[in-house]
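This report looks at strand pairing, nonpolar cores and charged contacts in one protein chain. The sequence and structure are shown first.

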Amino acid sequence: MRIDKLLANRGFGSRKEVKSLLKSGAVQINGVAIKDSSKHVNVESDSVTVHGEIIEYKEFIYLMLNKPQGVISATEDHLHDTVLDLLEMEDTVYNPFPVGRLDKDTEGLLMLTNDGQLAHQLLSPKKHVPKTYIAIIEGEVTQEDVEAFRNGVTLDDGYETMPAELKIISSGLRSEIEVIIEEGKFHQVKRMFESVGKRVIYLKRVKMGPLPLDESLELGEYRELTDDEVLQLKNYTKN
């Protein structure tokens, strides 16, 4: 890989800015100052430093975000903040995108990556990757609702959902539930409860496939996935 491409990948600026950085003598490969922007570097074995700081190359980035309400699951929006606005510049340089979406007023687990193949596998309808949500429902959730979800419900546009697993955590004028769905239709959880005459007033995604939300993450915080977590996701979508 060319040294200028590596530095651009790590967020050191435009092509012109990277050239200026190289000309200043701040960049070294294996302890030797490099000023030629076309110089090739072996990202596997060469040691690259900028002002003495070691620079590592990563092709892919995998992030877990605890999405807050009021933020759009998109890469850009002219009216609202997007999930990319929550990331540090050192991570946005990889051009990550959200894997699927959470509604503006929904909280919880959202994965961002630039690995298009893995994202496709996680979102493919053929894979039936389950998504687990915790919700507060206005109204008493009953065993009849559990049965209705188990059999699939009819949404307002006539769509018949796949079976979903509904678990009642507490029931009353406001009920707390857990629901697992294997689809990702627009506002699906909200519309499923509307189909049984109830309204979702709080919704949080806590798991996607084998990946649970890291509860130590405050709303708006994120972290990179561990190598084990990435491997689990890849193995999960192989079948």
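## Salt bridges

A salt bridge is counted here where a side-chain nitrogen of Lys or Arg lies within 4 Å of a carboxyl oxygen of Asp or Glu. The model under discussion is predicted, and it holds 14 salt bridges. One of them joins Lys204 to Glu215, with the closest N and O atoms 3.6 Å apart. Lys204 lies in strand β11 and Glu215 in the loop between β12 (211-212) and β13 (222-224), so this pair ties together parts that are 11 residues apart in sequence. The two partners are unlike in accessibility: Lys204 is buried, with a relative accessible area of 17%, whereas Glu215 is exposed at 56%.

Salt bridges that share partners also join Arg101, Asp103, Asp105 and Lys190 into one network. Within this group, Asp103 forms a salt bridge with Lys190, for which the closest N and O atoms are 3.6 Å apart. This pair links distant parts of the chain, since Asp103 is in the loop between β6 (97-98) and β7 while Lys190 is in helix α6, 87 residues apart, and both residues are buried. A further salt bridge brings together the side chains of Arg199 and Glu138, at 3.2 Å from N to O; Arg199 belongs to strand β11 and Glu138 to strand β8, 61 residues apart.

## The β9-β10 hairpin

Strand β9 (residues 165-170) pairs with strand β10 (residues 174-181) in the antiparallel sense over 5 bridges, and a hairpin of 3 residues joins the two strands. Within this pairing, Ser170 stands opposite Glu176 in β10.

## Nonpolar cores

The largest nonpolar core has 30 residues, of which Phe149, Leu166, Ile177, Val179, Val189 and Phe193 touch the most other members. At least two residues of this core come from each of β5 (62-67), β7 (107-113), β8 (131-138), α5 (143-151), β10, α6 (188-195) and β11 (199-208). Not counting residues up to four places away in sequence, Leu166 touches a set of residues that includes Val141, Phe149, Ile177, Val179 and Phe193, together with Asp145 and Glu178.

## Two contrasting positions

Thr132, in strand β8, counts as buried because its relative accessibility is 9%. Beyond its neighbours within four places in sequence, Thr132 is in contact with Glu178, Val179, Ile180, Lys204, Arg205, Val206 and Lys207.

Pro163, in the loop between α5 and β9, counts as exposed because its relative accessibility is 51%. With the same neighbours left aside, Pro163 is in contact with Phe149, Arg150 and Gly152.

Definitions and conventions. Residues numbered from 1 in each chain as written. Predicted model: local features only at pLDDT ≥ 70, side-chain atom pairs only at ≥ 80, totals over all residues. Heavy atoms only, no water. Pairing = 2+ DSSP bridges. Helix = DSSP H or I, 4+ residues; strand = E, 2+ residues; numbered from the N terminus. Core = buried A, V, L, I, M, F, W, Y, C linked by side-chain atoms within 4.5 Å. Buried < 20%, exposed > 50% of the residue type's maximum accessible area, 1.4 Å probe, protein only. Contact = heavy atoms within 4.5 Å.
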